[in-house]
Amino acid sequence: MTPAYPRIVLSGLVVVFIALSTACSSSNDDDDMADLPCAEDNRADSFVEDMQQTGTAGLAIFTLHSIAPNPPDIGENDWNLSVEAVDDGSPLATCSVDIRPWMPDHEHGSNHPSGSEGEADSYDVAGMLFIMPGYWENTVTIDCAPSEEGDDPTALTDSAVFGFCVEG
C-alpha cells in the first residue's frame, strides 16, 4: 500500500496549476478581448497632449497634459493633468486626485496613486503601475471639499476614464 502523502501533494500541485493557468483569463470566452493586440483594440485612446474627458457627473473637464513614458508602458508611469469646472471653466485646485488603473478583460487592477498639486493648477501623479500588457481603463477621480475660508461652499466630486493599451 502506498502512502497517501504523495497523492495529496500531487493533487495539490494539480489544483495550483489549474488556478495559475486560469488566473487573469477573461470571464467571457465568446468575446475575449484580452489577447487582442493594441493596434487592433478600438477601445483604447491614443495619447495626445492635452486630451480631454468630461466627467461622468458632468461637473468637471479632465485634461491629461502629459504621460511618461509615452505611450504608456509596463512599469511605473507618470501623468500630469488638470481639472476645471464645467460651469465656469475655473481650475479646480486644492482638491484630492486619485487614479485607479483597471484591466476589464482580466478583472484586476494594480495600485491607485494619488495626485499632488503641481504648478499652474495641475496635478502630478507619479508611480502609476501597469503590471502587464493589454487594455487599461484609468479612472481619475477628483474630490474638492468646500474651502475652509468659506469663499467656495460647494463640494464637487467627479470622475473620468482614460483608456490606454499598454504594449509591454
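# A guided tour from the core outwards

Begin by selecting L92. Leaving aside residues up to four places away in sequence, L92 is in contact with A60, V83, E84, A85, Y123, I142, C144 and L156. The model on display is a predicted one.

**The nonpolar core.** Keep L92 selected and add L64, W79, L81 and I142. Within the largest nonpolar core, which has 29 residues, these five touch the most other members. Now colour the elements that contribute two or more residues to this core: strand 2 (60-68), strand 3 (75-85), strand 4 (96-103), strand 7 (122-130), strand 8 (134-144) and strand 9 (156-166). Strand 9 supplies the largest share of the core, with five residues.

**The whole chain.** Zoom out and show the backbone as a cartoon. The chain contains one helix and nine strands, and in sequence order the pattern reads α-β-β-β-β-β-β-β-β-β. Of its 168 residues, 33% are buried. Among contacts with a separation of 6 or more, 58% link residues 24 or more positions apart.

**The aromatic residues.** Next, select W79 and F162 and display the side chains. Three aromatic pairs are found in the whole structure. One of them joins W79 and F162 in an edge-to-face arrangement, with 6.1 Å from centre to centre and 85 degrees between the planes. Because W79 belongs to strand 3 and F162 to strand 9, this pair ties together parts that are 83 residues apart in sequence. Are these two residues buried or exposed? Both W79 and F162 are buried. Add F164 to the selection: W79, F162 and F164 make up one aromatic cluster.

**The second largest pocket.** F164 also leads to the next stop, as one of the residues lining the second largest pocket. Select the rest of the lining: C38, A44, D45, S46, F47, N70, P71, P72, C165 and E167. The volume of this pocket is about 150 Å³. Its lining comprises seven nonpolar, two polar and two charged residues.

**Two cis peptide bonds.** From the pocket lining, follow N70 and P71. The peptide bond between N70 and P71 is cis, with omega about 0 degrees. P71 sits in the loop between strand 2 and strand 3. Step back along the chain to A68 and P69, where the peptide bond is also cis, with omega near 0 degrees. P69 likewise lies in the loop between strand 2 and strand 3.

**The loop before strand 1.** Select P37, which is placed in the loop between helix 1 (4-22) and strand 1 (51-54). With a relative accessible area of 42%, P37 is partly exposed. Add P133 and draw a distance between the C-alpha atoms: P37 and P133 are 9.3 Å apart in space, although 96 residues separate them in sequence. Then move to D50, also in the loop between helix 1 and strand 1. D50 has a positive phi, near 65 degrees, in a residue other than glycine. Its relative accessible area is 38%, so D50 counts as partly exposed.

**The last stop.** Finish at E107, in the loop between strand 4 and strand 5 (108-109). What is the phi of E107? The angle is near 60 degrees, a positive value in a residue other than glycine. E107 is partly exposed, at 48% relative accessibility.

Technical notes:
Residues numbered from 1 in each chain as written. Predicted model: local features only at pLDDT ≥ 70, side-chain atom pairs only at ≥ 80, totals over all residues. Heavy atoms only, no water. Core = buried A, V, L, I, M, F, W, Y, C linked by side-chain atoms within 4.5 Å. Buried < 20%, exposed > 50% of the residue type's maximum accessible area, 1.4 Å probe, protein only. Helix = DSSP H or I, 4+ residues; strand = E, 2+ residues; numbered from the N terminus. Contact = heavy atoms within 4.5 Å. 1 Å grid on protein atoms, 1.4 Å probe; cavity = no way out; pocket = protein on both sides within 12 Å on 5 of 7 lines; lining within 4 Å. Points joined across faces, edges and corners; volume = space filled by probe spheres on them. Nonpolar A, V, L, I, M, F, W, Y, C, P; charged D, E, K, R; others polar. Phe/Tyr/Trp six-rings, centres within 6.5 Å; stacked < 30°, edge-to-face > 60°.
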